[in-house]
Amino acid sequence: MQQLQHAARALGWDGQLITDVEVLGARFAAVARIRRDVHEWRSLHGWGPELNPAWFRSWSEPCTHDQVPVAAVDLLGLLVPVSRSRHALRACGTLLTLAPCAVVLPQGSKYKPLRMLELDYYGVGVVNAGFEGPAELVVTPEDRTAEFGSSMFGRWLLEVLYSRLLELPQLTENA
């Protein structure tokens with residue numbers, strides 16, 4: 001977890017690190033920030049995290065749901081630990097549609113310039129991070145979410161992250 005914290009800090013992602021997120025067969029960590037005003041409104045109106053993916057599919061049927069909860073978190077980025085840079089593009093491929101994505105390589109990893117050029121082209125970030133000391137930002141990730149638009153899957157992921165953030169005691173004490 002320290003490795004991921006160092007990576008998030010190197011990327012300038014100022015939010016809460018949520019580790020061990022697993023959806024659609026992908027394992028990653030997310031950096032998210034709770035939206036206090038929305039959280040307060042949702043808490044006041046009894047609208048907790050909606051974790052049932054079937055509920056989100058029904059959004060396209062207005063006769064079933066005429067209200068949709070506003071997202072209570074901002075997703076700053078996704079971190080995917082990989083052992084080698086050759087696994088980076090596959091690791092972040094589908095995640096790029098949701099938020100900026102960066103792979104986290106072990107500190108001191110060797111990488112090939114052409115591979116870094118390819119990752120930069122696709123908007124995948126690269127960070128070398130160890131368990132101690134600062135991380136090295138090799139390639140800055142791009143936010144490509146506007147190219148893909150919003151999706152029900154992405155919106156459901158925000159609800160999952162909202163639920164995970166509410167499990168952290170330091171967040172709910174002051175909210």
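Reader: Why is S109 called buried in this model?

Author: In this predicted model, S109 has a relative accessible area of 16%, and since buried means under 20%, S109 is called buried. The residue is placed in the loop between β4 and α5.

Reader: What makes the approach of the side chain of S109 to the backbone oxygen of P106 a polar contact?

Author: A polar atom of that side chain lies 2.5 Å from the backbone oxygen of P106, and the limit for a polar contact is 3.5 Å, so the distance falls within the limit.

Reader: Why is the pair of W41 and W47 called tilted?

Author: The ring centres of W41 and W47 are 6.4 Å apart, which is within the 6.5 Å set for a pair. Their planes stand at 40°, and because stacked requires under 30 degrees and edge-to-face over 60, the pair is tilted. As for accessibility, W47 counts as buried at 16%, whereas W41, at 43%, is partly exposed.

Reader: And what makes the pair of Y121 and Y122 edge-to-face?

Author: Here the centres lie 5.0 Å apart and the planes meet at 85°; because edge-to-face begins over 60 degrees, the rings of Y121 and Y122 are described as edge-to-face. Y121 has a relative accessibility of 59% and counts as exposed, since the cut-off is over 50%, while Y122, at 39%, counts as partly exposed. The count of aromatic pairs comes to three.

Reader: How do you know that R144 meets E142 and E147 in salt bridges?

Author: The N to O distance is 3.2 Å for E142 and R144 and 3.4 Å for E147 and R144, and a salt bridge asks for a side-chain nitrogen within 4 Å of a carboxyl oxygen, so the two distances each satisfy the rule. R144 is buried, with a relative accessible area of 17%, whereas E142 is partly exposed at 31% and E147 is exposed at 57%.

Reader: What makes R155 and E159 a salt bridge, and are these residues buried or exposed?

Author: The closest N and O atoms of R155 and E159 are 2.7 Å apart, which meets the limit of 4 Å. The two residues lie in helix α7, four residues apart, about one turn of the helix. With a relative accessible area of 10%, R155 is buried, and E159, at 0%, counts as buried too, the cut-off being under 20%. Elsewhere, D20, E22 and R27 are joined into one network by salt bridges that share partners, and a search of the whole structure finds seven salt bridges.

Reader: Which residues have the most contacts inside the largest nonpolar core, and which element gives the most to this core?

Author: That core has 37 residues, and F28 and L78 have the most contacts inside it. Among the elements that each supply at least two residues are β1, β2, β3 and α7, with α7 giving the most, namely seven residues. Leaving aside residues up to four places away in sequence, F28 touches, among others, I18, V21, L78, L95 and L157. Another core, of 15 residues, lies apart from the largest one and includes A7, L17, L79 and A135.

Reader: How do you know that β5 and β6 pair?

Author: Three bridges join β5 to β6, and pairing requires at least two, so these antiparallel strands meet the rule. N128 stands opposite E136 in β6. The strands form a hairpin with six residues between them, and G133 in the turn has a positive phi of about 75°.

Technical notes
Residues are numbered from 1 along each chain as its sequence is written. This is a predicted model: local features need pLDDT of at least 70, side-chain atom pairs count only at pLDDT 80 or more; totals for chains, interfaces and linings use all residues. Side-chain values use heavy atoms; hydrogens and water are left out. A nonpolar core is a set of buried Ala, Val, Leu, Ile, Met, Phe, Trp, Tyr and Cys residues joined through side-chain atoms within 4.5 Å. Buried means under 20% relative accessible area, exposed over 50%, partly exposed in between (1.4 Å probe, protein chains only). Contact means heavy atoms within 4.5 Å. Rings of Phe, Tyr and Trp (its six-membered ring) pair if their centres lie within 6.5 Å; planes under 30 degrees apart count as stacked, over 60 as edge-to-face and the rest as tilted. A polar contact is a pair of N or O atoms within 3.5 Å; within protein, one must be able to donate a hydrogen and the other to accept it, and residues adjacent in sequence count only if both atoms are side-chain atoms.
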